[in-house]
Amino acid sequence: MPRTLFRNARFFTADDAAWADAVIVDGESFAFVGAEVDAPPADDTVDLGGRTVLPGFTDAHTHLLMMGEALGQVGLTDAGSLEEIQSRLSRARQSADGELRGRGWLFDAIPGGAPTAAMIDSVVSDIPVYLDANDYHSCWVNSAALIALGITRDTPDPIGGRIERDADGDATGMLYETAAQQHAWAHRDAVTTDAQRDAAVERVIEAYLASGVTGAVDMAFDGLALDALGRAAERGGLPLRIAAHWFVANTGDDEANLAQVAEAAQHAETATTGVSVIGIKLVLDGTIDACTAAMRAPYADGTNAAPIWPAERLLPVVAAADAAGLQVAMHAIGDEASTLALDAIEHAIAVNGDRPRRHRIEHLEYAAPGTAERMARLGVTASMQPVHADPAIFANWAAQLGDDRADRAFAWPEYEDAGALLAFSTDAPTAPHEALANMYVAATRASALDPDVAAVHPQFALPLDRAIAHATRDAAASIGDGAWRGRIAVGQAADFAVLDTDPFTAGDGSLLTARVVQTVIAGRTAYEA
């Protein structure tokens, strides 16, 4: 391949030398980064017209198939009332075939925060309706869906989940946590065709490339996703750099749990075109919005939630994964869950001794004081999502805690100050996948969903350069790729995004209107507007 000089641009490098005005790409890597006057000869020249260039974003926590499917479903995040939700479902029913799926609804849009099947039945009763909550930790269904799923008053709650019931014991239409996974999601997987999964992969790749994303880390990987991405790679349609964490569910049986770890280790050792399985994913608790996150102190209504993985089940799994060289990523939103996650990591260190490891805790929406320092000591990555702190969806979150715990929500600077690696991501489809909107929330603590909503906790906002570094350099480093990608630097992979606006000079607000005009991966243009 020719050596190509890219000039007349502002390159934010996310490196020690923060800015450059020219780079040379030789093959798949940067061969020069610096001032154009110092650039060696090149074969070709590309004039970028004074635009701003960022390292390619790595969405360090996402769900690829789910995101691709969500892009084809009824969007409900901005539906602010039950009436609006019902109106959208009614309109969507006109073109639905067999069943109807929606995603993104918020608890505070529903009277009393208590959705029921009857609310959906009033507008769509003849076909099953499945509506994933914004956090994707619960599913709201209608009566036809309950019948299709075979859920009756005699159906037991699964480990770590709950089928909501009325005073008579009948299911009301809400499936929480593993009840959603084992009923609604299992049904979805059973009825979805390979062609539909392939279409979902195409949608997600297209969406990410248009957002300047060059790498992604799937955080609930399974055989269906592995097959779908493999097919995309065979078609030549998988330009993203993809790493994955194999999902391990708590079955309540140590032998079965450890068998899942062994399966993940086997996939990690097997070369698979287009994707690398690098670890396991464990969901230790739920969400604060649904009062299913495990907290040290009760919620405002006096309830609390136990961890989905109690210590006696969790510690053997984390130790086994650590021994196998797998990265362990643990969903922990409540402070009880993040404490449990660190206990499990310390146990693995004690059992397996000194060895290279970089485990992760996902989300950390509310963590006990001292958690960041403990993570830094143990070398644990804080994997967090700025878009989850969007003020437009924060009110219900704060109301469920009902006390001063809400004042330490999504406290990103604590992890910086402690010296822990902080990696930013979106957790799509639980939040918008667009990288620039994510950076807007990170840099302002204002809303990318509704600019009229006032910022919440602006003291936790980060300067834009640091926010972008957490979503590029540190996101790549969070999966062990920092030595060869994530920065615009000599020897690093030539992954970058060209913007039509310079947010560093135009202001943080421009991130909501700026667009990616070109995405380059390994020196090749993967997207061009």
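# A guided tour of cavities and salt bridges

By class, the lining of the second largest cavity comprises six nonpolar, five polar and one charged residues. The structure on the screen is a predicted model, and the tour begins at this cavity.

**First stop: the second largest cavity.** Select Phe-57, Thr-58, Asp-59, Val-213, Phe-424, Ser-425, Thr-426, His-433, Ala-435, Asn-438, Met-439 and Ala-471, which together line the second largest cavity. Next, colour β5 (57–62) and α14 (435–444), the elements that contribute two or more residues to this lining. The space enclosed here is about 60 Å³.

**Second stop: the largest cavity.** How many cavities of 30 Å³ or more does the model contain? The count comes to four. The largest cavity has a volume of about 270 Å³. To find it, select Asn-134, Asp-135, Asp-289, Glu-365 and Ile-393, which lie nearest its centre among the 22 residues of the lining. By class, the lining of the largest cavity consists of nine nonpolar, eight polar and five charged residues.

**Third stop: Arg-101 and Glu-99.** The tour now turns to salt bridges, of which the model has 29. Select Arg-101 and Glu-99 and display their side chains; the two form a salt bridge in which the closest N and O atoms are 3.1 Å apart. Is Arg-101 buried or exposed? Arg-101 is buried, because its relative accessible area is 16%, under the limit of 20%. Its partner Glu-99 has a relative accessibility of 22% and therefore counts as partly exposed.

**Fourth stop: Arg-153 and Asp-170.** Select these two residues next. Their side chains meet in a salt bridge, with a distance of 2.9 Å from N to O. This pair links distant parts of the chain, its members being 17 residues apart. Arg-153 is in the loop between α4 (143–149) and β10 (161–165), whereas Asp-170 is in the loop between β10 and β11 (171–177). Both partners can be examined on a surface display: Arg-153 is partly exposed at 47% relative accessibility, and Asp-170 is partly exposed with a relative accessible area of 30%.

**Fifth stop: Arg-235 and Asp-198.** Where in the chain do Arg-235 and Asp-198 lie? Arg-235 belongs to the loop between α7 (223–234) and β13 (241–247), and Asp-198 to helix α6 (residues 194–210). The pair links distant parts of the chain, 37 residues apart. Between Arg-235 and Asp-198 there is a salt bridge, the closest N and O atoms being 3.7 Å apart. Asp-198 counts as buried because its relative accessibility is 14%, whereas Arg-235, at 43%, counts as partly exposed. Now extend the selection to Asp-194, Arg-197, Asp-198, Glu-202, Arg-231 and Arg-235, which are joined into one network by salt bridges that share partners.

**Last stop: Asp-481.** Move to the loop between α16 (473–477) and β19 (496–499), where Asp-481 is placed. With a relative accessible area of 15%, Asp-481 is buried. Finally, add Arg-485 to the selection: the side chains of Asp-481 and Arg-485 make a polar contact at 3.0 Å.

Note on methods: Residues numbered from 1 in each chain as written. Predicted model: local features only at pLDDT ≥ 70, side-chain atom pairs only at ≥ 80, totals over all residues. Heavy atoms only, no water. Salt bridge = Lys/Arg side-chain N within 4 Å of Asp/Glu carboxyl O. Buried < 20%, exposed > 50% of the residue type's maximum accessible area, 1.4 Å probe, protein only. Helix = DSSP H or I, 4+ residues; strand = E, 2+ residues; numbered from the N terminus. 1 Å grid on protein atoms, 1.4 Å probe; cavity = no way out; pocket = protein on both sides within 12 Å on 5 of 7 lines; lining within 4 Å. Points joined across faces, edges and corners; volume = space filled by probe spheres on them. Nonpolar A, V, L, I, M, F, W, Y, C, P; charged D, E, K, R; others polar. Polar contact = N/O pair within 3.5 Å; in protein donor to acceptor, adjacent residues only side chain to side chain.
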